[in-house]
Amino acid sequence: MAAIILRSLLTWLFTLLFLVFVLLRVDNQISWSWFIVFLPMWLYDIASLIFISVRLGMSQRAGIRQTESGRFSKISQVWSVTECLLKMAFQTLICTYLEYSPPYLRPVILLIPLWLLMAGTLVKMGSFVFRER
């Protein structure tokens, strides 16, 4: 229960900091790099990766066989790590585009990690909806 409350508080804190930083940067109140503006989101992603890795390690160490009784399957845990990595890749590409505006980084290329993330989430949700009962 305490872990859920802590994760909720961290989510709200990092989201609030990120939104404040973005608003200040867009209003030209601060002249920070976009990489610094996105730092709260990256810290949240790193904390999520640590949480997922610890959870994955504990289930492997205990030798618990993953079932549908509320525990996440190994595929679901690997997808959670992949989600974080795709989100971090998308954020890095956005920061690179906003900071340097390189000519080789077209918006189509910029959105590839987001599209992969959305397609994977669609498949994951579809597997929950259409699961055989």
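Contact here means heavy atoms within 4.5 Å. With that in hand, here are the legends for a set of close-ups of this predicted model.

**View 1. Met41 and the residues it touches.** Setting aside residues up to four places away in sequence, Met41 touches Phe14, Phe18, Lys87 and Gln91. Met41 is found in helix α3, and its relative accessibility of 12% makes it count as buried. The cut-off for that label is under 20% relative accessible area. To see how the fold brings sequence positions together, look at Leu17: it lies 24 residues from Met41 in sequence, yet their C-alpha atoms are 8.8 Å apart in space.

**View 2. Pro40, next to be visited in helix α3.** Which residues does Pro40 contact once its neighbours within four places in sequence are left aside? They are Phe14, Leu17, Phe18 and Phe21. Pro40 is buried, with a relative accessible area of 4%. Leu13 is 27 residues from Pro40 along the chain, and the C-alpha atoms of the two are separated by 8.6 Å. Readers coming from View 1 will recognise Phe14 and Phe18, which also touch Met41.

**View 3. The salt bridge between Asp45 and Lys87.** A search of the whole structure finds one salt bridge. The partners are Asp45 and Lys87, whose closest N and O atoms are 2.9 Å apart. This pair ties together distant parts of the chain, with Asp45 in helix α3 and Lys87 in helix α4 (residues 74-100), 42 residues apart. Are the two partners buried or exposed? Asp45 counts as buried at 2% relative accessibility, whereas Lys87 is partly exposed, with a relative accessible area of 24%. Lys87 is also one of the residues that Met41 touches.

**View 4. A cluster of aromatic rings.** Ring pairs link Phe18, Trp34, Phe35, Phe38, Trp42 and Tyr100 into a cluster. The aromatic pairs come to a count of seven. Take Phe35 and Trp42: their ring centres are 6.1 Å apart and their planes meet at 25°, so this pair is stacked. The cut-off behind that label is planes under 30 degrees apart. Trp42 is buried, with a relative accessible area of 13%, while Phe35 is partly exposed at 24%. Phe18 belongs to this cluster and is among the contacts of Pro40 as well.

**View 5. A nonpolar patch on the surface.** Here the focus moves to Leu39, Leu43, Ile46, Ile50, Val54 and Met58, which form a nonpolar patch with about 550 Å² of accessible area together. Met58 sits in helix α3, which spans residues 39-62. Met58 counts as exposed at 57% relative accessibility; by contrast, Met41 counts as buried at 12%.

**View 6. Stepping back to the whole chain.** The chain has six helices and zero strands, giving the pattern α-α-α-α-α-α when read along the sequence. Its C-alpha atoms fill a box of roughly 50 × 35 × 25 Å along the principal axes. The radius of gyration is 18 Å, where a compact globule of 133 residues would have one near 14 Å. Buried residues make up 26% of the 133 residues. The exposed area is about 9700 Å², and carbon and sulfur atoms supply 72% of it. Of the contacts with a separation of 6 or more, 58% come from residues 24 or more positions apart.

Note on methods: Residues numbered from 1 in each chain as written. Predicted model: local features only at pLDDT ≥ 70, side-chain atom pairs only at ≥ 80, totals over all residues. Heavy atoms only, no water. Patch = residues over 30% accessible without salt bridge, like charges linked within 9 Å, V, L, I, M, F, W, Y side chains within 5 Å. Areas by Shrake-Rupley, 256 points an atom, 1.4 Å probe, with all protein chains shown as cover. Salt bridge = Lys/Arg side-chain N within 4 Å of Asp/Glu carboxyl O. Helix = DSSP H or I, 4+ residues; strand = E, 2+ residues; numbered from the N terminus. Buried < 20%, exposed > 50% of the residue type's maximum accessible area, 1.4 Å probe, protein only. Phe/Tyr/Trp six-rings, centres within 6.5 Å; stacked < 30°, edge-to-face > 60°. Rg over C-alpha atoms; globule rule 2.2 N^0.38 Å.
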